[in-house]
Amino acid sequence: PIYLSPQAPGIGALGVGDRVLARTKKTAAGFEAETIRVLEGGRQQVIGVFSLDADGGRIEPTDRRAKRDFRVSREYTKGAKAGEIVVAETVAGRHLGLPEARIVERIGKSDEPASISLLAIHSHGIPNTFPEDALAEAAAATAPNLGKRVDLRAVPLVTIDGADARDFDDAVFAEPDSDKKNSGGWHLIVAIADVAHFVRPGSSLDNEAVERGNSTYFPDRVVPMLPEALSNGLCSLKPNEDRACL
């Protein structure tokens, strides 16, 4: 084992979970380490219900696997009210009693439907923002020219998403098959938004899509796999709009 003083000279108190860059030296008792600097990533995220008390408040984590509550000093409450769901990060340096955290985001009252969706997003680590380069790629996208594509704009395709859908990924057309070999059968066209035309391998959009895997739907919102310029724009099969399909 390597002994590391919890009070780092010139740095301050260290907390459990902090990652540090340290210099080690051998002593008669074994090895000791001197902290050079604290690295990013040591703090942990906490999501839970906030309650008030005389010193500030505490957070009861919504994750049932959490072993204990977290103390929140008055200066770290961010104005949170009792019963609100909050996002906090742990604060290094507290070793006696409950661990300490500072609130970084107030989600809302725990009994509000919107709060439940946001709680699920935060609890499961669903990415709900896009980096600037991905947004720029999406904003710069334009509908392709017809080129070698088959023109189906005269076909009365119908989207199969509900009226309250946030995007329209698929459309269909069906008619009786005129081929005598398929008497009584149907000719079916299924149009699917050509996402691959806009999301090129290795691009920022591609990397973000890989991280998400799919869009995530909630009763009151959707966390899209792609920025809205694509998910609700060029990759949404809206009436009377030219769209690239497969």
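**Trp-186**

I looked up Trp-186 first and found it exposed, with a relative accessible area of 57%. This is a predicted model, so I read every value below as computed. Trp-186 is in strand S13, which covers residues 186–192. I then asked which residues Trp-186 is in contact with, leaving aside neighbours within four places in sequence. They are Ala-174, Glu-175, Pro-176 and Asp-177. For Glu-175 I also noted the backbone: its C-alpha atom is separated from that of Trp-186 by 5.7 Å, though the two residues are 11 apart along the chain.

**Helix H1 and Ser-117**

I went to helix H1, residues 113–123, and listed its buried residues. They are Ser-115, Ser-117, Leu-118, Leu-119, Ile-121 and His-122. What do the buried residues of H1 pack against? I found strands: S6 (45–53), S9, S10 (100–109), S14 (216–218) and S15 (221–223). After H1 comes Gly-125, with a positive phi near 65°.

I picked Ser-117 out of this helix for a closer look. Ser-117 counts as buried because its relative accessibility is 3%, and the cut-off is under 20%. Its side chain is joined to that of Asp-220 by a polar contact of 2.5 Å. Not counting residues up to four places away in sequence, Ser-117 touches Phe-218, Pro-219, Asp-220 and Arg-221. Asp-220 is thus in my notes twice, as a polar partner of Ser-117 and as one of the residues it touches.

**Helix H4**

Next I took helix H4, residues 204–212. Its buried residues are Ser-204, Leu-205, Glu-208, Ala-209 and Arg-212. Why do I write that they line one face of the helix? Seen down the axis of H4, they fall within an arc of 135°, so one face holds them. An α-helix has 3.6 residues a turn, so residues three or four places apart point the same way. On the other side of H4 I found Val-210 and Glu-211 exposed.

The buried residues of H4 pack against three helices, namely H2 (132–140), H3 (195–198) and H5. Gly-213 follows H4 and has a positive phi, near 85°. Arg-212, one of the buried residues of H4, also lies over the face of Phe-130, at 4.0 Å from the ring centre.

**Rings and charges**

With Arg-212 and Phe-130 noted, I looked for another charge over a ring. I found the charged end of Arg-102 over the ring of Tyr-76, 4.7 Å from its centre. I also asked how many aromatic pairs the structure holds. The count is zero.

**Helix H5 and Ser-231**

Helix H5 covers residues 228–234, and Ser-231 lies in it. Is Ser-231 buried or exposed? At 9% relative accessibility, Ser-231 counts as buried. A polar atom of its side chain lies 3.3 Å from the backbone oxygen of Leu-226. Leaving aside neighbours within four places in sequence, I found Ser-231 in contact with Asp-167, Pro-224, Leu-226 and Ser-236.

**Cysteines**

I checked for disulfides and found zero. A disulfide is a covalent bond between the sulfur atoms of two cysteines. For Cys-235 the closest cysteine sulfur is in Cys-245, at 9.5 Å, which is too far for a bond. The limit I applied is 2.5 Å between the sulfur atoms. Read from Cys-245, the closest cysteine sulfur is that of Cys-235, again at 9.5 Å and too far for a bond. The accessibilities I wrote down are 3% for Cys-235, which counts as buried, and 29% for Cys-245, which counts as partly exposed.

**Positive phi outside glycine**

Last, I looked at phi values. Most residues other than glycine have a negative phi, and most peptide bonds are trans. Lys-78 has a positive phi, near 60°. Where is Lys-78 placed? I located Lys-78 in the loop between strand S8 (70–73) and strand S9 (84–91). Asn-240 also has a positive phi, near 60°. Asn-240 is in the segment after H5, and I entered it as exposed, with a relative accessible area of 82%.

Terms used: Residues numbered from 1 in each chain as written. Predicted model: local features only at pLDDT ≥ 70, side-chain atom pairs only at ≥ 80, totals over all residues. Heavy atoms only, no water. Helix = DSSP H or I, 4+ residues; strand = E, 2+ residues; numbered from the N terminus. Buried < 20%, exposed > 50% of the residue type's maximum accessible area, 1.4 Å probe, protein only. Polar contact = N/O pair within 3.5 Å; in protein donor to acceptor, adjacent residues only side chain to side chain. Contact = heavy atoms within 4.5 Å. Arc of directions from axis to C-beta. Phe/Tyr/Trp six-rings, centres within 6.5 Å; stacked < 30°, edge-to-face > 60°. Lys NZ or Arg CZ within 6 Å of the ring centre and 35° of its normal.
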